[in-house]
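Please look over the complex shown below. This report covers how the protein copies relate, how they touch, and which parts face the DNA.

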Number of protein chains: 2
Amino acid sequence: MSKNSEFIDKLRLSGLRPTKQRLKICEVLFDREKTFHFTINDLAKNISDKIGEKISLATVYNTVHAFKNKGYLKEISVNSHKSYFDTNITNHHHFFDQDTNQLIDCDEDVIENLKVKKNITGKKISSIEVLIKVATDNQNQK
Amino acid sequence: MSKNSEFIDKLRLSGLRPTKQRLKICEVLFDREKTFHFTINDLAKNISDKIGEKISLATVYNTVHAFKNKGYLKEISVNSHKSYFDTNITNHHHFFDQDTNQLIDCDEDVIENLKVKKNITGKKISSIEVLIKVATDNQNQK
DNA sequence: TCAATAGTTTAGAATAATTATAATGTAGTA
DNA sequence: TACTACATTATAATTATTCTAAACTATTGA
């Protein structure tokens, strides 16, 4: 359970109490090889699959937002009725597969020369995101 | 009413019947100097402001989707619970002002040389969008 | 011109994602 | 241990959007 004590420290350091629920969610989110792209629904499903216990949907929402506000999760702009989150909080971009509704990380070197040369006066850039929507070749886009 | 007959032609050409409601919506959307960024709600408000008559919300939704499918409107990926649309259908990018929740067109030359060097195999790129989120300088991002 | 028909509009119901509420539970601290 | 502030929970409320089915209307062809 060394992972677990890591999570406890992480939570404490950011002023969040390490509750049973938050630790379970940490486990599902952060104890994995690859980065995880998910909607709240995906996460809730993942939790009930991996763990025998139920966590209230409200808690899942609260926790995801708390983690996002602390910078442990990134929210991704996808044109959809749902919110997507990403455990990869580094500066990176995404493909969005319109056939499967899945987000896929875009390697740094895939996007060449992205540079913003002008900004709105009086404002500060808080993020720059590139979203590349893809679909199967034979299917006409509407 | 030369604008009006233009709209009638435009609709007919794309196989949409030029109904009273669609013409009113055309007027609100396309009879303006600058491009218009809007949510369905904005549009509905705009319609009732400019025009004395009510158009059912369902019709506004139907029409916006029809126009989008015909390529007269673009849907923009903004991280939000709402969908944003744009009357500027050329290839371009956006700023999103997090203070006011407004989309702002990004001039072509602001983004330099954006190039996608690799793609998901078996898929076709249907769009590439850059979204630059901005906020007032003194306000800490959450 | 008129009737048939296929496409449109509409109010309201249904759905889905998310947020609010308020009661109960629990971690941290004195 | 007991107090207090923070968390969790089920459920209700809210919001954006889509569905439904009945009424309406533009188009077409006789």
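Chain A can be laid on chain B with an RMSD of 0.2 Å. The operation is a turn of 179° with a shift of 0.1 Å along the axis. The two copies are thus related as by a two-fold rotation axis. This is a predicted model, and every value here is computed from it.

**The chain**

Chain A has four helices and seven strands. From the N terminus on, its elements run α-α-β-α-α-β-β-β-β-β-β. The C-alpha trace of chain A spans about 45 × 45 × 25 Å along its principal axes.

**How the copies meet**

The contact between the chains takes 40 residues from chain A and 41 residues from chain B. On the side of chain A that touches chain B, four strands each supply at least two residues: β2 (74-76), β4 (93-97), β6 (111-112) and β7 (123-136). The largest share comes from β7(A), with 14 residues. By class, this side of chain A has 16 nonpolar, eleven polar and 13 charged residues.

Which surface does each copy use? Of the interface residues of chain A, 100% are also interface residues in chain B, so the copies meet through the same surface.

Strand β7(A) also pairs with its counterpart across the interface. β7(A) and β7(B), residues 123-136 of chain B, are antiparallel and share 13 bridges. Val130(A) has Val130(B) as its bridge partner in β7(B).

**The three-stranded sheets**

In chain A, three strands form an open sheet in the order β1-β3-β2, with antiparallel pairing. Its edge strands are β1 (37-38) and β2 of chain A, and each pairs on one side only. Two bridges join β1(A) to β3(A), residues 84-86, in the antiparallel sense. Within this pair, His37(A) stands opposite Asp86(A) of β3(A).

Chain B has an open sheet of three strands in the order β1-β3-β2, again with antiparallel pairing. β1 (37-38) and β2 (74-76) of chain B stand at the edges with a single partner strand each, so one side of each is left without a neighbour in the sheet. Here β2(B) is joined to β3(B), residues 84-86, by three bridges, and the two run antiparallel. Lys74(B) has Asp86(B) as its bridge partner in β3(B).

**A helix pair in chain B**

Helix α2(B), residues 20-30, packs on helix α3(B), residues 40-50. The angle is about 105°, and the axes are 10 Å apart. α2(B) and α3(B) are therefore roughly perpendicular to each other. From α2(B), the contact residues are Lys24(B), Ile25(B) and Val28(B). They meet Leu43(B), Asn46(B), Ile47(B) and Lys50(B) of α3(B). By class, this contact has four nonpolar, one polar and two charged residues.

**Facing the DNA**

Start with DNA strand C. It is surrounded by 26 residues, and the closest are Ser83(A), Thr19(B), Ser56(B), Ala58(B) and Thr59(B). The elements that give two or more residues to this surface are α3 (40-50) and α4 of chain A together with α2 and α4 of chain B. The largest share, four residues, comes from α4(B).

Now DNA strand D. Of the 26 residues around it, Thr19(A), Ser56(A), Ala58(A), Thr59(A) and Ser83(B) come nearest. Four helices each supply at least two residues of the surface near DNA strand D: α2 (20-30) and α4 (57-69) of chain A, and α3 and α4 (57-69) of chain B. What gives the most to the surface near DNA strand D? It is α4(A), with five residues.

The table gives the make-up of both surfaces by residue class.

| Surface | Nonpolar | Polar | Charged |
|---|---|---|---|
| near DNA strand C | seven residues | twelve residues | seven residues |
| near DNA strand D | eight residues | twelve residues | six residues |

Each list of closest residues draws on both chains. Ser83(A) is listed with Thr19(B) and others of chain B for DNA strand C. Ser83(B) is listed with Thr19(A) and others of chain A for DNA strand D.

Conventions: Residues are numbered from 1 along each chain as its sequence is written. Chains are lettered from A and ligands numbered from 1 in the order in which they are written. This is a predicted model: local features need pLDDT of at least 70, side-chain atom pairs count only at pLDDT 80 or more; totals for chains, interfaces and linings use all residues. Axes are lines fitted to C-alpha atoms, for helices over the stretch in contact, and angles run from 0 to 180 degrees between N-to-C directions. Angles under 35 degrees count as roughly parallel, over 145 as roughly antiparallel, 65 to 115 as roughly perpendicular and the rest as oblique. Two residues are in contact if their C-beta atoms, placed from the backbone, lie within 7 Å. Ala, Val, Leu, Ile, Met, Phe, Trp, Tyr, Cys and Pro count as nonpolar, Asp, Glu, Lys and Arg as charged, and the others, Gly among them, as polar. Copies are superposed by least squares on the C-alpha atoms of residues with pLDDT of at least 70 in both. A residue is near a molecule or strand if its C-beta atom, placed from the backbone, lies within 6 Å of it. Two strands pair if DSSP finds at least two bridges between them.
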